[in-house]
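Q: I would like a close look at how the helices and sheets of this protein are put together, taken slowly and in a connected way.

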Amino acid sequence: MEENFNMLAKTLFGFEDLLANELTQLGAQDVKTGVRSVSFSGDKGFMYKANLGLRTAIKILKPINTFTVNNEQDLYNKLYQMPWEQYVKPTGTIAVDATIHSELFTNSLYIAQKTKDAIVDKFRDTTGERPNVDLKFPDLKVNVHVDRHQCTISLDSSGDSLHKRGYKLATNIAPINEVLAAGLIMLSGWDGQTDFMDPMCGSGTMLIEAAMIACNIPPNLMRKEFAFERWNDWDVDLFEKIEASLLGKTRDFHHKIVGYDKAPSAVAKAIENVKNAQLDDFIEVKHEDFFKTQKGGDAKLHMVFNPPYGERLNIDMQEFYKSIGDTLKQNYPNTDAWFITSNLDALKHVGLRPSRKIHLFNAKLEARLVKYEMYAGSKKGKYMK
């Protein structure tokens, strides 16, 4: 039996509870939420499963040592004493990244450099050889986290951020991060039991994440590589067994997922990405201006989208957000419409009262995820049924 060990899943602000819930459902133990992170325990197979199956995780770290530090030399000495030969060969390659929340150190790049020096010096002194630095495809990616006087050294099991799912070949001017898209859809409560629409779909990220949620498809199946595949204890048979077990839990989806965009280039990119994700059976992308469309049929519609913020796209925000409100009100009855924006002033021009507001960040921009409920018929009629 593989032994359990502690791990840390990193996420975006506001997604901690979603990620904790995902981990619990996957079978993690000792799940505890932090800020932009969730700690948990599991064995090596579960580490593979977490990387493959979590929608709202950015990275899965495996802590291997925690100690107190008082100065740079202290940090170097404690790093030097660690048994690095257990994790990488003297002829291997390494990369180090550091995050610092401490008055002792101010420069995270300098701490990463100091860590690299300690590892390299240890190998040179004990074997006469030294690992090289490879920032793109290292055999071992080391994460250093200093919080005041406490230093945690972890191995990064993911490598590239887990938002890089592998399906997105083409992007538009302001693409939404895949982890952010998945989290927004999950926060909106969509469960695959209604039709889904993204009326400003860009390169199709929201549509693809919605389809994977509806069908319970593991989000990272298409990744070319995880960092743990270069570790000394990489077990390809175990990985394939975990992959097959996750694939065995996919489910049918009996509704429609539709995306609109008024830019032909965005529509072409979305179609290409949907095809690459092998989800074209579930998703339809159309060249339409949302403001000139109407909802087809009476069935409930679930809408999640990421309208332009005016950060990178030049539009009249007041008029644009007013048009969103008008279109929803006049043309989309029986619809739950959710969207994220960091243009908090523009929200005032929607002309509808949101039934929910959730505080999030889109990259470094403070944002709100808002929900507008469009009733079939009048509000009064809804409550009298």
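What is the mean pLDDT of the protein, and what share of its residues reach 70 or more? With that settled, please go through the sheets and the helices that pack on them.

A: This is a predicted model, and the mean pLDDT of the protein is 93, with 95% of its residues at 70 or more. The exception to keep in mind is the stretch of residues 379-385, where pLDDT stays under 50 and the model has 2 contacts beyond four places in sequence. Where pLDDT is low, the predicted coordinates should not be read in detail.

One sheet is open and mixed in its pairing, with 8 strands in the order β2-β3-β1-β4-β8-β7-β5-β6. Its edges are taken by β2 (29-33) and β6 (132-133), each of which has a single partner strand, so one side of each is left without a neighbour in the sheet. For β2, the pairing with β3 (residues 37-42) is antiparallel and consists of 3 bridges, and within this part of the sheet T33 stands opposite V38 in β3. Helix α2 packs on this sheet, where α2 touches β1 (5-10), β3 and β4 (59-68), and the direction of α2 makes about 10° with that of β1.

Helix α2 also packs against other helices. Two packed helices are described by the angle between their axes and the distance between the axes. For helix α2 (residues 44-53) and helix α7 (residues 236-247), the angle is about 50° and the axes lie 9 Å apart, which makes α2 oblique to α7. The crossing of α2 past α7 is right-handed. On the α2 side the residues in contact are K44, G45, Y48, K49, L52 and G53, and they meet L238, F239, I242, E243 and L246 in α7; sorted by class, this contact of α2 with α7 has 6 nonpolar, 2 polar and 3 charged residues.

Helix α1 (residues 16-26) is another partner of α2, with axes that come within 11 Å and cross at roughly 130°, and α1 is therefore oblique to α2. Here, too, the crossing is described as right-handed, with α1 passing α2. From α1, E22, L23 and L26 meet F46, K49, A50 and G53 of α2, and by class the contact of α1 with α2 has 4 nonpolar, 1 polar and 2 charged residues. Reading the two contacts together, K49 and G53 of α2 are listed both in the contact with α7 and in the contact with α1.

Another sheet is likewise open and mixed, with 7 strands in the order β11-β10-β9-β12-β13-β15-β14. Its edge strands are β11 (283-287) and β14 (356-362), each pairing on one side only, and the twist averages 20° from one strand to the next. Strands of a sheet pair through backbone hydrogen bonds, either parallel or antiparallel. In this sheet, β12 (residues 301-305) and β13 (residues 335-341) run parallel and are joined by 5 bridges, with F305 standing opposite F339 in β13. Helix α9 (residues 317-331) packs on the sheet and touches β12, β13 and β15, its direction making about 170° with that of β13.

The pairing of β13 with β15, by contrast, is antiparallel and runs over 7 bridges; in β15 the bridge partner of F339 is V370. F339 of β13 is thus opposite F305 and is also paired with V370 in β15. Strands β14 and β15 pair in the antiparallel sense over 7 bridges, and among these pairings F361 has E366 of β15 as its bridge partner. The hairpin of β14 and β15 has 2 residues between the strands, and A363 takes a positive phi near 55° there.

Helix α5 (residues 178-187) lies across β9 (195-198), β12, β13, β14 and β15 (365-374), and runs at about 170° to β14. Helix α5 also meets helix α6 (residues 205-215), the axes coming within 9 Å and crossing at roughly 60°, so that α5 and α6 are oblique to each other. In this pair α5 passes α6 in a right-handed crossing. The contact is made by E178, A181, A182, L184, I185 and M186 of α5, together with T205, M206, E209, A210 and I213 of α6, and by class the contact of α5 with α6 has 8 nonpolar, 1 polar and 2 charged residues.

Terms used:
Residues numbered from 1 in each chain as written. Predicted model: local features only at pLDDT ≥ 70, side-chain atom pairs only at ≥ 80, totals over all residues. Heavy atoms only, no water. Axes fitted to C-alpha atoms, helices over the stretch in contact; angles between N-to-C directions. Helix = DSSP H or I, 4+ residues; strand = E, 2+ residues; numbered from the N terminus. Parallel < 35°, antiparallel > 145°, perpendicular 65-115°, else oblique. Left-handed = near helix turned anticlockwise from the far one by under 90°. Contact = heavy atoms within 4.5 Å. Nonpolar A, V, L, I, M, F, W, Y, C, P; charged D, E, K, R; others polar. Pairing = 2+ DSSP bridges. pLDDT = per-residue confidence, 0-100.
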